[in-house]
Amino acid sequence: MMAAVLPTLITELDAAVKAGSPERSDRMLRQVTSLLLSNVDRLGESEMGVLDDVLVRLMGPAEAGALLQLSEGLCKIDLAPRETVRKLAFHSDPSVAAPVLKHSGRLSDQDLIEIVGTLSQQHQLAICERKMLSEALTDALMRRGDAGISNALAHNPGAKFSECGYATLVGRAERDESLTEKLGLRLDLPAALLRQLLVMATDVVRARFLTASRPVPQAKPAATPVKAQPKQDYSKVMDRVAELGRTGKLNNSAVNRFAAHGDYVSVMAALAFKADVKVEVIEPFLESDRLYALVVTCKAARLDWSATRMIIHNRPNCPPATRREFEQAHEIFEGLILSIAQWTVRFASERM
């Protein structure tokens, strides 16, 4: 069907070009767009190549509305006409360019870097929303972009950053609390830069780090409905832990033993006692997406890394921490200043 229609389309296109009629070109562009989208699963490379040539020739005199329809239609098609997509991406109107800039896989990094260097901030922000961004692309965006670009990149979990790129973001975060918070929740932020971020963050932002959930890389198993559990009574275990503390026996070995035996009621009570906060504050820190908060709390409780690692390793109902997570947790733990850890946990507890 499509092969039979193409000669007619090309004849009408030539007539429209000779007539110099923008209205006719616009109408034809909409018709070709509709035809392409309704037959996309049946188009081969050769037919798509012919359509690419037709669309590019029609786009010149077409109005923004027809071009936007085309951009929205092509942006998620794997074999979309390459030159058509490229011409849409380089369009000076960001509303026309945005759909393909955000979604199209037909644009190369070279195309996108060229657009970053020549077109508007609105074009750059659209690129920031792509599912994956390479280091070369994020470097280009940060060289030309403002605070809005930095925040958009930090918020995108699919954005990859070079060491220089991350250092630039952390430097900008010194004057931007919103950027500081977004960076602190990234799993791929190098631990040394996360420590730097912690030191320069305000009390409020550090507290948000503790109370916010960071993404968990492992897929969680499907949840099964369970009956609500009664609220845990910590009074007896807190009395026992307090007695251990008074007699000098609530040390790293004792907490390590609690964790190794899966006695996480005692682990939470020990952390609460040693960090001088309520045990209810500690409860959510044992969830899989609160690893950062757990590390800071263990530091505030004056535990060593061996006990901290045992707590992380044996958290109940949590997927195993990855090697990368352990490495990052260790670097944060070793580099974190005790007074900052203690102040952060206490400040966060007052806000929960």
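This passage walks through a predicted model of a protein, from its overall make-up to some of its helix pairs and single residues.

The overall picture is a helical one: the protein has 22 helices and zero strands. It contains 352 residues, and 47% of them count as buried. The accessible surface comes to about 17,500 Å², and carbon and sulfur atoms account for 52% of that area. Contacts across the chain also deserve a look. Among the contacts in the protein with a separation of 6 or more, 69% join residues that are 24 or more positions apart.

With this outline in hand, the helix pairs can be taken in turn. Two packed helices are described by the angle between their axes and the distance between the axes. A good place to begin is helix α3, residues 45-59, which packs with helix α5, residues 82-89, at an angle of about 25 degrees. The axes of α3 and α5 are 7 Å apart. Because angles under 35 degrees count as roughly parallel, α3 is described as roughly parallel to α5. On the α3 side, the contact is made by Asp52, Leu55, Val56 and Met59. Helix α5 contributes Arg82, Glu83, Thr84, Lys87 and Leu88. Sorted by class, the residues of the α3 contact with α5 are four nonpolar, one polar and four charged.

Further along the chain, helix α7 (residues 109-118) packs with helix α8 (residues 121-128). Here the angle is about 145 degrees, and the axes lie 8 Å apart. The crossing of α7 past α8 is left-handed. Leu112, Ile115 and Val116 are the residues of α7 that meet α8, where their partners are His123, Gln124 and Ile127. This contact of α7 with α8 has four nonpolar residues, two polar ones and no charged ones.

One residue of α7 also offers a link to a later helix. The C-alpha atom of Val116 is separated by 9.4 Å from that of Arg143, although the two residues are 27 positions apart along the chain. Arg143 itself sits in helix α9, residues 135-144. Its relative accessibility is 64%, so Arg143 counts as exposed.

Another arginine, Arg240, is found in helix α15, residues 235-246. Arg240 is partly exposed, with a relative accessible area of 41%. Leaving out residues up to four places away in sequence, Arg240 touches Phe258, Asp263 and Ser266. Arg240 is also 9.6 Å from Ala270, C-alpha to C-alpha, with their positions 30 residues apart in sequence.

The next helix pair is α17, residues 264-275, and α19, the latter spanning 291-300. Their axes come within 8 Å and cross at roughly 55 degrees, which makes α17 oblique to α19. The crossing of these two helices is left-handed. Leu271, Lys274 and Ala275 of α17 make the contact, together with Leu294, Thr297, Cys298 and Ala300 of α19. By class, there are five nonpolar residues, one polar residue and one charged residue in the contact of α17 with α19.

Two of these α19 residues, Leu294 and Cys298, are also in contact with Ile311, a residue of helix α20. Ile311 has a relative accessible area of 0%, and therefore it is buried. Beyond its neighbours within four places in sequence, the other contacts of Ile311 include Val255, Ala259, Tyr264, Val267, Leu286 and Leu303. The C-alpha atoms of Ile311 and Gly262 are 9.0 Å apart in space, while the residues are 49 apart in sequence.

The loops on either side of α20 bring the backbone into view. Most residues other than glycine have a negative phi. Arg302, in the loop between α19 and α20, has a positive phi of about 65 degrees although it is not a glycine. Arg302 counts as exposed because its relative accessibility is 57%, and exposed means over 50%. Asn317 lies in the loop between α20 and α21, the latter spanning residues 323-335. Asn317 is likewise not a glycine, yet its phi is positive, at about 60 degrees. With a relative accessible area of 83%, Asn317 is exposed.

Key
Residues are numbered from 1 along each chain as its sequence is written. This is a predicted model: local features need pLDDT of at least 70, side-chain atom pairs count only at pLDDT 80 or more; totals for chains, interfaces and linings use all residues. Side-chain values use heavy atoms; hydrogens and water are left out. Axes are lines fitted to C-alpha atoms, for helices over the stretch in contact, and angles run from 0 to 180 degrees between N-to-C directions. Helices (H or I, at least four residues) and strands (E, at least two) are DSSP runs, numbered from the N terminus. A crossing is left-handed if the near helix is turned anticlockwise from the far one by less than a right angle, and right-handed if clockwise. Contact means heavy atoms within 4.5 Å. Ala, Val, Leu, Ile, Met, Phe, Trp, Tyr, Cys and Pro count as nonpolar, Asp, Glu, Lys and Arg as charged, and the others, Gly among them, as polar. Buried means under 20% relative accessible area, exposed over 50%, partly exposed in between (1.4 Å probe, protein chains only). Accessible areas come from the Shrake-Rupley method with a 1.4 Å probe; for residues, only the protein chains shown count as cover. Angles under 35 degrees count as roughly parallel, over 145 as roughly antiparallel, 65 to 115 as roughly perpendicular and the rest as oblique.
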